[in-house]
Each structure stands twice: as structure tokens, then as C-alpha cells.
Amino acid sequence: METFELVRAILIVVAAYVIGGIPWSIIVARAAGRTDPRTIGSGRTGGANAMRAMGPRLALLSGVLDLLKGTAAVLLARALGAGTGVEVVAALAAIIGHSRSPFLRLGGGRGVAPAFGALLAFSPPIAAVIIPLFVIVIAITRYSSVGSLTACAAAGVLLAWATATFGWDPWLYLYAAGGTVLVWLFHTDNLQRLLAGTERKIGTPPPDTSAAVNATDQPR
């Protein structure tokens, strides 16, 4: 790789990380005068908290903007002719930026939306297959995390299969594996709660801690 290509690749990946780090749910919440998603539930900025904080319409808007971060990272590398390898690394950087945002002291979401956005740029048909799977799993289990993890794993398998079957660029194997690993890694606390049986289902109100608070306020 020539010096120009190396510098270009580094700049694209850094830009993708910064793009991924843009906290759209917080920006939308502040613009609309709604609750900061970080003050609810897990304290993350992703879709589930955005839904609880802002309602479905604004959560959908922030979700689409988060999705486009992954798409933008890939298309930026593609527009500059950097090659599939840089496109893949840029996509992974956007996922990391979303979950470890430089604007939120390395806080953020789970990486699902930008991961899907990058998949949409790499293979729209596979992305289209994943959407109903995501919805069906959530409808059955009522766990947002289970839907995300299942859809991400299925996307990785399908992308790897399509790459092998149709002779796509082997760099896509890296995204199939790396994207899945990152999203699952950023769901570590969800996995722990699922195993412990304490993961919160969609539509379930947060636990009432007022009794415990009142008890601690009583004189002794």
C-alpha cells in the first residue's frame, strides 16, 4: 500500500469512527425537549432507551440517523475509491464509535443500527431478510436484545454464506465476523441479565424502587 493510500485509509477510518460517535438520540431528544435517553433504563443511547424517552416517532427518527452512520461510513470509503477492505474497517469503526462515542466519554449504544446500516450498503437483499427476522423474534420474546442478537448473528452467517457462494470480496468475511462479534460484545450486560432472568421485556415498567428508598429514609 502506497503512502497516499495508507493515509487515505487512516483518515477514512477515523472519520467513520467520528461519524459513528454522533449521538443522534441525544441530539433529537434535546431538539424536541424530551428526556435524555441516558437517564432511563440501561443508560445507553440506543433504540430501546430512545423509545422509552421519546416515544416511537422520535425514536424512529434517531434510529434511522444511527443506521445511516454505518451506511455513510461505507459509502465514504467507496466514494473515495479506497476498496472493500477500507469499507469494511470503516464500517467496524462506525460501530465502535456508536458504542464508544468520543462525544459521550466512550459511552453510547449497542451498535445494532450502524451495523445494519453498513450491511445495507454491502448487501441490501440480506438486510431486507434480516428486518422481518428482527421483528418476529422481538414479537415472540418481547426482548429487544434477543431480537438484535439473533438478527446480527443471522446477518453474519448469511453474509459469510453469500460471500462464499457468489464469490464476493473476501474482505466481507471480516465484516460478517467482526460486526457480529462487536454487537454481541456490546450486549454483554444484556446477555448476563438474560442468563440471570432479569432482562427487562418490552412494555414492562421499570421496577418500583420507591419502597426501598423510603425504607432507607426512615430514622433508625
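**Helices, cores and salt bridges in a predicted model**

Glu87 is tucked away: it is buried, with a relative accessible area of just 7%. This comes from a predicted model, and the same holds for the values that follow. Glu87 still has a charged partner, since its side chain meets that of Arg78 in a salt bridge, with 3.1 Å from N to O. Arg78 counts as partly exposed because its relative accessibility is 38%, and partly exposed covers the range between 20% and 50%. So this pair joins a buried acid to a partly exposed base. As a general point, side chains of opposite charge can pair when their charged atoms come close.

The count of salt bridges comes to six. Another one links Asp66 and Lys69, whose closest N and O atoms are 3.2 Å apart. These two residues sit three places apart in helix α4, or about one turn of the helix. Here both partners, Asp66 and Lys69, are buried. A further bridge ties Glu199 to Arg193, with the closest N and O atoms 2.7 Å apart. Glu199 is buried at a relative accessible area of 9%, while Arg193 is partly exposed at 27%. This bridge doesn't stand alone: Arg110, Asp189, Arg193 and Glu199 are linked in a network of salt bridges.

Now for the helix that holds Asp66 and Lys69. Helix α4 has 24 residues, and from its first C-alpha to its last it reaches 33 Å, close to the 34 Å expected at 1.5 Å a residue. Quite a few of its residues are buried, including Leu58, Ala59, Ser62, Leu67, Gly70, Thr71, Val74 and Ala77. The cover over the buried residues of α4 includes α1, α2 (24-32), α3 (47-54), α5 and α6. After α4 comes Gly81, which has a positive phi, near 65 degrees.

Helix α1, one of the elements covering α4, tells a similar story about length. Its 19 residues should span 27 Å at 1.5 Å a residue, and its end C-alpha atoms are indeed 27 Å apart. Buried in α1 are Arg8, Ala9, Ile12, Ala16, Gly20 and Gly21, and the buried residues of this helix pack against α4 and α5. Val14 also has its place in α1, which runs over residues 3-21, but Val14 is partly exposed, with a relative accessible area of 45%. Together with Leu6, Ile10, Val18 and Phe103, Val14 makes a nonpolar surface patch of about 430 Å².

What about the nonpolar residues on the inside? In soluble globular proteins, nonpolar side chains tend to be buried together. In this model the largest nonpolar core has 27 residues, and those with the most contacts inside it are Ile95, Leu119, Phe122, Ile130 and Tyr175. At least two residues of this core come from each of α4 (56-79), α5 (84-99), α6 (112-122), α7 (124-141), α8 (144-166) and α9 (171-185). A second, separate core has 10 residues, among them Ile12, Ala73, Ala82 and Ala90. Ile12 is one of the buried residues of α1, and Ala73 is one of those in α4.

Back in the largest core, Ile95 makes a good example of the packing. Leaving aside its neighbours within four places in sequence, Ile95 is in contact with Gly111, Pro114, Ala115, Tyr175, Gly179, Leu182 and Phe186. One of these partners, Tyr175, is itself listed with Ile95 among the residues with the most contacts inside the core.

Terms used:
Residues are numbered from 1 along each chain as its sequence is written. This is a predicted model: local features need pLDDT of at least 70, side-chain atom pairs count only at pLDDT 80 or more; totals for chains, interfaces and linings use all residues. Side-chain values use heavy atoms; hydrogens and water are left out. Patches are made of residues with over 30% relative accessible area and no salt bridge: like charges are joined within 9 Å, nonpolar side chains (Val, Leu, Ile, Met, Phe, Trp, Tyr) within 5 Å. Accessible areas come from the Shrake-Rupley method with a 1.4 Å probe; for residues, only the protein chains shown count as cover. A salt bridge is a side-chain nitrogen of Lys or Arg within 4 Å of a carboxyl oxygen of Asp or Glu. Helices (H or I, at least four residues) and strands (E, at least two) are DSSP runs, numbered from the N terminus. Buried means under 20% relative accessible area, exposed over 50%, partly exposed in between (1.4 Å probe, protein chains only). A nonpolar core is a set of buried Ala, Val, Leu, Ile, Met, Phe, Trp, Tyr and Cys residues joined through side-chain atoms within 4.5 Å. Contact means heavy atoms within 4.5 Å. The expected span of a helix is 1.5 Å times one less than its number of residues.
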